[in-house]
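Grab a pencil and work through these short exercises with the structure open beside you. Try each task before you read its solution.

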Amino acid sequence: MSTTTTASPNEAKLWGGGKSPFNSEYGKVMMWYFLMSDAFTFGAFLISYGTVRFSTNGWPNSNEVFRSFPFAPEGVHAPLVFVSIMTFILIISSVTMVLAVHAGKNMDKSGVVRNMIWTIIGGLAFLSCQAWEWNHLHSEGAWWGMNPFLNADGTASSTNFTNFFFTITGFHGFHVFSGVVINIIMLIMTLLNKFEQRGHYLMIEKAGLYWHFVDLVWVFVFTIFYLL
Amino acid sequence: MSHTHTDQEAHNKEAMAEIKKVTIILSVFTIIELILGFWMIGMTSVGLKLAVKGTIVILMMAKAFYIVAYFMHLKHEVKNLIMTIVVPLMLFVWFIAAFLWDGNSFRNLRNNYDPYFKEQATIKVEKKEEGEHGATKHKATEVKEIPAPSAPVEKH
């Protein structure tokens with residue numbers, strides 16, 4: 001026994017008891033495992049989309065489906081433009097979240113408040129964009145079980161395309177919504193000096209992990225639905 | 001005391017530089033993805049399209065790496081913690097390969113043995129008029145009512 005401890009002193013320090021071997025707080029580690037399980041849920045959705053797409057002869061062209069823009073005059077088509085704005089909104093809100101976590105590590109309350117407010121605004125802006133897009137697609141006749149779009153080669157399409165689109169972006173949108181709610185709660189707790197009293201801003205870090213995960217999922221959803 | 005203070009300041013500077021760097025990388029990768037997406041709109045060559053899609057997937061994975069490693073700070077965690085998260089995610093390699101293969105094989109089987117399925121993919125619907133969504137919807141539902149071929153080819 002003593003030989004193993006002398007062989008790797010670092011490891012012995014880590015696993016010798018008295019401290020967390022992962023050098024991380026319990027809640028943070030559990031947040032990581034929750035996000036891992038959530039990644040499998042999203043992965044299952046996206047992979048089933050891929051399987052169905054591979055098993056079908058034709059598929060709608062995303063550039064013909066997602067080509068509208070708010071306030072654009074009728075007949076003006078702008079594929080990819082609206083969704084790229086949504087993507088940048090989410091990236092920027094992710095950056096402000098990192099800045100909030102960073103400020104929390106320095107016990108900088110005003111920095112946390114400022115960046116949390118920006119993150120919440122970014123999340124609400126993203127949700128508004130998604131609500132507009134859903135509403136627009138619905139007005140075109142697209143919904144679960146309804147697909148007005150033809151396949152790219154001009155043949156009749158099935159409802160698989162719209163079913164997957166609304167299910168997956170809806171599930172992601174629900175994550176964004178719950179992320180915004182969590183961020184608002186964190187903001188209120190910060191304003192009430194809860195974290196100042198505790199002496200650390202670990203809760204902000206955990207909310208940050210969740211928010212970055214939402215951004216991470218959008219990277220995949222955006223690429224798979226709009227670009228591929 | 002002043003020594004630890006400057007230490008903290010240097011650490012802060014480093015962290016901010018990292019955030020800035022990752023933000024720029026994510027933005028640039030997204031812009032490249034969008035440029036490739038726009039380029040692909042009128043593309044007819046199947047091979048080139050496949051190559052562009054492959055590039056987009058690589059950029060997507062790179063973006064995912066930067067978000068997880070730096071924004072979520074996983075790179076700065078203890079190695080054992082990283083492994084308990086990354087190793088289970090390795091299942092996705094099998095997951096993606098197996099299920100896409102399966103989908104593809106199912107399409108080939110149906111094209112070979114289901115003449116109705118194959119014929120559906122050759123019937124073109126009249127191209128819709130621009131802006132008339134109602135008309136499109138009507139045509140799309142009309143097509144679904146096309147009856148199966150009266151004399152299906154029998155396979156032995």
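**Exercise 1. Two helices from two chains**

Work out how H3(A) and H4(B) are oriented relative to each other: roughly parallel or roughly antiparallel?

Solution. Keep in mind that you're looking at a predicted model.

- Step 1: Find helix H3 of chain A, residues 26-54, and helix H4 of chain B, residues 91-113; their axes come within 7 Å and cross at roughly 25 degrees.
- Step 2: Angles under 35 degrees count as roughly parallel, so H3(A) and H4(B) are roughly parallel to each other.
- Step 3: Add the handedness: the crossing of H3(A) past H4(B) is right-handed.
- Step 4: Pick out who makes the contact. H3(A) brings residues including A:Gly43, A:Ile47 and A:Phe54, while H4(B) brings, among others, B:Phe92, B:Phe95, B:Ile96 and B:Arg107.
- Step 5: Sort the contact residues of this helix pair by class, and you get eight nonpolar, five polar and two charged.

**Exercise 2. The whole contact between the chains**

Find out how many residues each chain puts into the contact, and which helix of chain B gives the largest share of its side.

Solution.

- Step 1: Chain A takes part with 48 residues and chain B with 52 residues.
- Step 2: On chain B's side, H1 (2-40), H2 (46-71), H3 (79-89), H4 and H6 (133-144) each supply at least two residues.
- Step 3: H1(B) gives the largest share of that side, with eleven residues.
- Step 4: By class, chain B's side holds 29 nonpolar, twelve polar and eleven charged residues.

**Exercise 3. Into the core**

Which helix supplies the largest share of the largest nonpolar core?

Solution.

- Step 1: This core has 63 residues, and those touching the most other members include A:Val83, A:Ala100, A:Ile204 and A:Trp218.
- Step 2: Helices of both chains give two or more residues to the core, among them H5 (81-105) and H9 (202-227) of chain A and H1 and H2 of chain B.
- Step 3: The largest share, 16 residues, comes from H9(A).
- Step 4: Zoom in on A:Trp218. Skip its neighbours within four places in sequence, and its contacts are A:Thr87, A:Leu90 and A:His172.

**Exercise 4. One residue up close**

Decide whether A:Ile224 is buried or exposed.

Solution.

- Step 1: Look for A:Ile224 in helix H9 of chain A.
- Step 2: Count its surroundings: 21 other C-beta atoms lie within 10 Å. The cut-off for buried is 20 or more, so A:Ile224 is buried.
- Step 3: Leaving out residues up to four places away in sequence, A:Ile224 touches A:Leu46 and A:Tyr49.
- Step 4: Check a distance too: 30 Å separates the C-alpha atoms of A:Ile224 and A:Ala100, which sit 124 residues apart along the chain.

Conventions. Residues numbered from 1 in each chain as written. Chains lettered and ligands numbered in written order. Predicted model: local features only at pLDDT ≥ 70, side-chain atom pairs only at ≥ 80, totals over all residues. Parallel < 35°, antiparallel > 145°, perpendicular 65-115°, else oblique. Helix = DSSP H or I, 4+ residues; strand = E, 2+ residues; numbered from the N terminus. Left-handed = near helix turned anticlockwise from the far one by under 90°. Contact = placed C-beta atoms within 7 Å. Nonpolar A, V, L, I, M, F, W, Y, C, P; charged D, E, K, R; others polar. Core = buried A, V, L, I, M, F, W, Y, C linked by C-beta atoms within 7 Å. Buried ≥ 20, exposed ≤ 12 C-beta atoms within 10 Å, placed from the backbone.
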